[in-house]
Structure formats: structure tokens, C-alpha cells
Amino acid sequence: MTVLTSALDPSGTEYAERRAAMLAKLDEVAAEHAKALAGGGEKYLARHRKRGKLAARERIELLLDPDTPFLELSPLAGWGSDYAVGASLVTGIGVIEGVECLITANDPTVRGGASNPWTLKKALRANEIAYANRLPVVSLVESGGADLPSQKEIFIPGGALFRDLTRLSAAGIPTVAVVFGNSTAGGAYVPGMSDHVIMVKERAKVFLGGPPLVKMATGEESDDESLGGAEMHARTSGLADHFAVDEPDALRQARRVVARLNHRKAHPDPGPAAPPAYDEEELLGIVPGDLKTPFDPREVIARIVDGSDFDAFKPLYGTSLTTGWARLHGYPVGILANARGVLFSAESQKAAQFIQLANQRDIPLLFLHNTTGYMVGKEYEQGGIIKHGAMMINAVANSRVPHLSVLMGASYGAGHYGMCGRAYDPRFLFAWPSAKSAVMGPQQLAGVLSLVARASAAAKGQPYDEDGDAALRAVVEQQIEAESLPVFLSGRLYDDGVIDPRDTRTVLGLCLSAVHTAPVEGARGGFGVFRM
Ligand code: COA
């Protein structure tokens, strides 16, 4: 074993400062999470309960095996938009009858559970996760369908929801719909496209058009029950495979359906693993409040991998990027972690080689971000930094082993891409509250804008407005800073959630387990042309 040593001093002032800064940020994130948990607020929740209904998260809790974790995804979806935080939908991974499933649950207390543009993005992301990792999908349905005022944003792309359900089914990934209430118009295709359908007596309303619409269209008089009730669908139309007398019965039946799926994981659970040799609590005191100060990612690795056991790859070469092999909850991982922010040519080539090795060995990759991007300047351009950065991006883009990304600190510029940012399809991507991501740092961006404006004025022979420039720089800096923050980016679904650093090992363990439901097979070739 090669157990990492630690230079962290948990009794020192530096540690205390960093920890305090991280805890303050965690409090801010917790306040936003609380908004998602509150859903539509007390008034709508009370009305919902008065109707004898369970809240979305209570339905999930009854569905899951007792005392098993639920890895909630994208809880901050819609943050900073006109819509409620959480986007009227709960998604996540949980265990039902021993089977890891992707679960979605409409939150009917938020505008009738109607889907707005962020709900759609969140639902499509959940489907993507289910597809890539071969996780059965269980949809807990009760929704007013499309959020009508924003229909232009969702009607056309929203068709992908139903396309995904049938593509999952075609790929042999089971889909189960449990209908607790309204599931009308387009929403009727959620049960319509699912492999297994359960409906709740006197509650489910599954029809293409409700009574008023039918009256308008054909003049026919009808009622909810005869058009789309559970009893009608169970006895007459055959859309419901299972008739449930109430909500707990529906959830019990959903568990029985999952128990009979015969869904098998491609790779067995590796069994118990040794915890890290260092306390996970100390992950709070590693990232500096000012991201310009570098930190050693081995302090993080030592607190997340099994036994803190890490075999570095090329430790003396390209030292701004730490690479090496470890296990996490028993699963093998190759880790790439930024050590001093900037990626030079050597780091890029080392990364490209390391990624190819992981593919040859079928080992998932973990990217720990703290990068300001690839090095700029005459010396580096002449040394071929574009070619070398391109090698790393080529390797990341064409790698076929599962990738997990965690944004710990900075994740700027093309460094975000090379380290498997969102556009490079990591299976999961999480951010710590300390993370920041943008095309470049706020000061740098404001400075570049100012230099460009100054040059433009000079070219036109105009005097430069220095006061205006200072004001603009301040505004731009503030704007870019706000747009770099994890809560903002999470709101736009650019990650799968903002996590407490102390939960990193647990979250990654859950992800690795989910990932191993599908076969883990690296690329044995199939990379683009590596420019030498
Ligand atoms: N788009 C936008 N807002 C919607 C909505 C939708 N599809 N469905 C419901 N809402 C809003 C309501 O206007 C109401 O807003 P308010 O509280 O500010 O008045 C809030 O959500 C709660 O709706 P309410 O009707 O009071 O809740 P309910 O639980 O009694 O009924 C529904 C829920 C979904 C059955 C009912 O609202 C409904 O039929 N909505 C329209 C469904 C539809 O036809 N959708 C189009 C499908 S493509």
C-alpha cells in the first residue's frame, strides 16, 4: 500500500479560516436547498395533505428500501429563474428491492406540478443518467403538464421526454409509471410509454383531453373518471396494469414490480472497503477562500479514497496535475487532480496518456477540478500548448470509461473542458460550494474587455473615458463573479448538484455503484488524431 501523508494542520489558523469560509458557503447553499424542500409552500402543501395525498419526497421515501440513501440530483434546478427552486420535480437515485433505480417525482404543490423549462431540463438530465448507467426509471406522476405560459420553451423540445422513455425500453432498461393524480394531454404519454403502469383509485386522471376540452372538440358530455380514471384504465382501456386502492398501495405495488424486473448489474458490488486514513471532516479546511492560492489535491484524495492508498502516475513530470490510481468504495478509479491551477504542455500530455491507460484497463476516471486553464504566453504558444491541450481534450472526449467530475475550486476556460466539464458528458458532475466556473476569472475578463475597448477607441482616434471604464469593470466583475458561483450554475443544470465536501466520498461511491450497473468498457482505439 502507498498511503498518502498529510501536511494539513487541523489545529492551525489557516485551516480554521478555510473551514469557516466553507461552512459559511455551505449555510448559503443549505438555505437554497430548503427552498426546494419547501416546494409550493405551506398553503399548497396543506391543501395537498387535506386531499389525503403524500408529498413528492414522502412518496419516494415509501418507495425506497428502508434505511437506504437517496442521491438527489439537481435540487437547485431553476435557481435564479422566475420559477421555484427545484423546478417542481424531484429526481435522484435510490434502491428499490435491492435494485438501484432512477426516480422522478412531480411536486404537485408547485403550480400543480406543471413542467417549466427547468423542469424539462432536469427531467431530460435524469433520463440521460438512466440511459448511460442502465438504471430502471420509476416515474411518480402528478402534474398539470406543460406550464402553459412558458409553452413556447417546452412544447417542441418536451417531446424528448416521451422519446426517451421508449428508447430506454428499447434498450432493455425498465420503465415504471405510478400515477397519483393528473397526467393529462402530453403527460398521458408518461404512462403511455412506460413498460409498467400503476394507477391510484379515484385519483389518477389520464386522458388526452379533459371533459371541457372534449365538450369543445366533439360536444360529448363526460367526466374525469370515465375519461381517464384508474378503474376505467384497469378494467376497460388496459392502460393500467395495476390498480391501487390508495397511494401506499401504489408504492407497495411499484416495489413488487421492481422486484420482478430481473434487472442485473453488469458488475457485482465489490463489498466492504477500508475508509480513508484521514478524517473526511477535514475536507472543509482545504480549499482557500481566495482561489488564487493553490492547494495540494492530495489532501483531498487522502480523505476520499479507500485507505488513503494512492499510487501516483508520473509524479515528477507535469507536476501541476496529479494523476494516479486508487479505489473508492472498492471500485478502481484513475484520478486527475489539478495541483497548481495552470495546465502546461507536460500536464496535458500526461493527462492524455493517463486517460488512454484508464481506457485500456477499463478503469473509471475521477476529475478533481481546480484549474485556471491552459497556459498562455509566447513561450507556451511556441512550445505547442494548443496541440498539447488538444491532445488532452481529444483523450477526454473520446474516452469511453465512465467519468466523474468534482469542481472543488476554479474551473476556468478550456481547463474546464480538458478536465471533463459538463459538455464532455461526465456520468456525474458535482460542485463544492467553493467552486467557480467561467470562461475566465472575473477580474481577468473585465480587464480583457477594458483593453479591447481602449484599443477600439484608439483605433478610432477617440479619447478613452477612464471613469466610464472603471465603472464598467466593476459592473462586469460583479456580474461574472455572480455567474461563476455553483448555485447559479446548478440552477442552470450545469452540474448535478452542489455537495458538502464531507459527503464527497459517499456521493462518489453511490455514483460509482450506479455506473457499474452498465458495463464499464474503455475505448481500445477510436481517439481522434493526436497532434504530435
Ligand atoms: N401551467 C401553468 N400553471 C398551472 C398549470 C399549468 N399547466 N396547472 C396548474 N397551474 C397553476 C394554477 O394556475 C394555480 O396557480 P395559482 O395557485 O397561482 O392560482 C396552481 O398552479 C395550482 O393549480 P390548481 O388548479 O389550484 O391545483 P389543483 O391541484 O386543484 O389542480 C391541476 C391541478 C393540474 C389538475 C389543474 O391545475 C389543471 O387542470 N391544470 C391544467 C392542466 C392542463 O390542461 N395542462 C396542459 C397539459 S399540456
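Two strands are taken as paired if DSSP finds at least two bridges between them. The exercises below concern a predicted model.

**Exercise 1. Determine how strand 10 is paired and whether it is buried or exposed.**

Solution.
1. Strand 9 (residues 321-328) and strand 10 are joined by 8 bridges and run antiparallel. With the threshold of at least two bridges, they count as a pair.
2. One residue pair fixes the register: Leu 321 has Asn 338 of strand 10 as its bridge partner.
3. The hairpin formed by strand 9 and strand 10 has 2 residues between the strands, and His 329 adopts a positive phi near 50° there.
4. Strand 10 also runs parallel to strand 12, with 4 bridges between them; here Leu 336 stands opposite Phe 367.
5. Of the 8 residues of strand 10 (residues 331-338), 7 are buried, so the strand is largely enclosed by the rest of the structure.

**Exercise 2. Identify which strands pair with strand 13, and in which sense.**

Solution.
1. Strand 12 (residues 365-374) is joined to strand 13 by 6 bridges, and the two run parallel. In this pairing His 369 faces Leu 407.
2. Strand 14 (residues 428-431) is likewise parallel to strand 13, through 4 bridges, and Leu 407 stands opposite Ala 431.
3. The connection from strand 13 to strand 14 passes through helix 15 (residues 413-418), and this β-α-β crossover is right-handed.
4. Strand 15 (residues 436-438) pairs with strand 13 in the parallel sense over 3 bridges; Ala 410 lies opposite Lys 436.
5. As for burial, 10 of the 10 residues of strand 13 (residues 403-412) are buried.

**Exercise 3. Locate the largest nonpolar core with respect to the domains.**

Solution.
1. The protein is divided into domain 1 (25-259), domain 2 (280-435 + 498-515) and domain 3 (440-484).
2. The largest nonpolar core comprises 64 residues, and Ile 335, Leu 368 and Phe 428 have the most contacts inside it.
3. Helix 19 (residues 504-515) contributes the most to this core, with 6 residues.
4. Both domain 1 and domain 2 give residues to the core, so it lies between them.
5. The contacts of Phe 428, leaving aside neighbours within four places in sequence, include Leu 73, Ile 93, Ile 129, Leu 404, Cys 511 and Val 515.
6. Domain 3 enters through a distance: its C-alpha centre and that of domain 2 are 32 Å apart.

**Exercise 4. Test whether the length of helix 1 agrees or disagrees with its expected span, and establish what its buried residues pack against.**

Solution.
1. Helix 1 (residues 13-38) has 26 residues, which at 1.5 Å a residue should span 38 Å.
2. Its end C-alpha atoms are 37 Å apart, which agrees.
3. The buried residues of helix 1 are Tyr 15, Arg 18, Met 22, Leu 26, Val 29, Glu 32 and Ala 36.
4. An α-helix has 3.6 residues a turn, so residues three or four places apart point the same way.
5. The buried residues of helix 1 pack against helix 3 (56-63) and helix 18 (486-491).
6. Just after helix 1, Gly 39 has a positive phi of about 55°.

**Exercise 5. Describe the surroundings of Arg 57.**

Solution.
1. Arg 57 belongs to helix 3.
2. The relative accessible area of Arg 57 is 23%, and the residue is therefore partly exposed, since buried means under 20%.
3. Not counting residues up to four places away in sequence, Arg 57 touches Ala 36, Leu 37, Glu 72 and Val 90.
4. Arg 57 and Thr 91 are 34 residues apart in sequence, with their C-alpha atoms 9.7 Å apart in space.

Methods. Residues are numbered from 1 along each chain as its sequence is written. This is a predicted model: local features need pLDDT of at least 70, side-chain atom pairs count only at pLDDT 80 or more; totals for chains, interfaces and linings use all residues. Side-chain values use heavy atoms; hydrogens and water are left out. Buried means under 20% relative accessible area, exposed over 50%, partly exposed in between (1.4 Å probe, protein chains only). A crossover is right-handed if, with the strands pointing away from the viewer, the path from the first strand over the helix to the second runs clockwise. Domain bounds come from an automatic or database domain assignment. The expected span of a helix is 1.5 Å times one less than its number of residues. Contact means heavy atoms within 4.5 Å. A nonpolar core is a set of buried Ala, Val, Leu, Ile, Met, Phe, Trp, Tyr and Cys residues joined through side-chain atoms within 4.5 Å.
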